[in-house]
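Here is a short guided tour to read alongside the sequence and the 3D view. Please keep both open as you go.

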Amino acid sequence: MSLVKLTIKGISYSQTQNGAYALILNEVDGERKLPIVIGAFEAQSIAIALEKEIKPPRPLTHDLFKNFAERFDIVVKQVIIHKLVDGVFYSSIICERDKIEEIIDARTSDAIALALRFHAPIFTYKNILDKAGIYLKSNLSNADAGAEEIDAILSNPQTFGNEEESNQSGTAYANHTLQELNELLEQAVEHEDYEAAAKIRDEISKR
């Protein structure tokens, strides 16, 4: 299968869904876009990496990973979005250390956040782009442009591709009261289920 190089077109926030973002990847030698629904934290990390002038006072998680990797002479060579199953993208980070190449499984947003920091190219396979690629009429450089198109993407991740299954489950806490959410948060932290705790915290923040 042939690889297709992608660049980042932009990140758009949903006008109708709180906390939902669409990362739009652009086909280098074509006009198709590959939209991926990602979370707020990942969108922030990618946006900071895109804006060279923004320097967080302390390293973000992806900055920490980059510093850690560089300290041990690990280089991210490229990122490949290699699979799309049931609306969920799967990606791999191709790393190299001492001339030995390793392939590491990663969420697509994490992989892209690291690719930006390592100036590594991003690829996908042609069959994935054929399946999930779309043509956007609007220009994402305008924050208000294409809101309806982006909301269509975000409201139907099974059609356009999602960050991962766990991002879809965030709505599982929408029907809980604030008191119930705080109790669930305490239980999640107590059981060291930090992934669930993060989702519950996000739902509390929305309130």
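## The second largest pocket

A word before we start: this is a predicted model. A good place to begin is the second largest pocket, whose volume is about 270 Å³. Its lining is made up of 13 residues, and those closest to the pocket centre are Ile-48, Ala-49, Ile-54, Lys-55 and Asp-63.

What is the lining like by class? Nonpolar and charged residues contribute 6 each, and 1 polar residue completes the set. Two helices, α1 (40-50) and α3 (108-118), each provide at least two of the lining residues.

## Helix α3

Is helix α3 buried or exposed? With 11 of its 11 residues buried, α3 is largely enclosed by the rest of the structure. If you would like to follow the helix in the viewer, the buried residues run through Thr-108, Ser-109, Asp-110, Ala-111, Ile-112, Ala-113, Leu-114, Ala-115, Leu-116, Arg-117 and Phe-118.

Just after α3 comes His-119, and here the backbone has a positive phi, near 55°.

## Asp-63 and its surroundings

Asp-63, one of the residues closest to the centre of the second largest pocket, belongs to helix α2, which spans residues 61-71. Its relative accessibility is 19%, and the cut-off for buried is under 20%, so Asp-63 counts as buried.

Which residues does Asp-63 touch once its neighbours within four places in sequence are set aside? The contacts are with Pro-56 and Arg-117, and Arg-117 is among the buried residues of α3. Another residue of α3 to look at is Leu-114: the C-alpha atoms of Asp-63 and Leu-114 are 8.1 Å apart in space, although the two residues are separated by 51 residues in sequence.

## Aromatic rings and charges

The structure has 1 aromatic pair. Phe-68 and Phe-72 form this pair, with a tilted arrangement: the ring centres are 5.0 Å apart and the planes are at 45° to each other. The two partners fall into separate accessibility classes: Phe-68, at 52% relative accessibility, counts as exposed, while Phe-72, at 41%, counts as partly exposed.

Charged groups also sit over rings in two places worth a look. The charged end of Lys-66 lies over the ring of Phe-118, 5.6 Å from the ring centre; Phe-118 is itself one of the buried residues of α3. Elsewhere, Lys-83 is placed over the face of Tyr-90, with a distance of 4.7 Å to the ring centre.

How values were computed. Residues numbered from 1 in each chain as written. Predicted model: local features only at pLDDT ≥ 70, side-chain atom pairs only at ≥ 80, totals over all residues. Heavy atoms only, no water. 1 Å grid on protein atoms, 1.4 Å probe; cavity = no way out; pocket = protein on both sides within 12 Å on 5 of 7 lines; lining within 4 Å. Points joined across faces, edges and corners; volume = space filled by probe spheres on them. Helix = DSSP H or I, 4+ residues; strand = E, 2+ residues; numbered from the N terminus. Nonpolar A, V, L, I, M, F, W, Y, C, P; charged D, E, K, R; others polar. Buried < 20%, exposed > 50% of the residue type's maximum accessible area, 1.4 Å probe, protein only. Contact = heavy atoms within 4.5 Å. Phe/Tyr/Trp six-rings, centres within 6.5 Å; stacked < 30°, edge-to-face > 60°. Lys NZ or Arg CZ within 6 Å of the ring centre and 35° of its normal.
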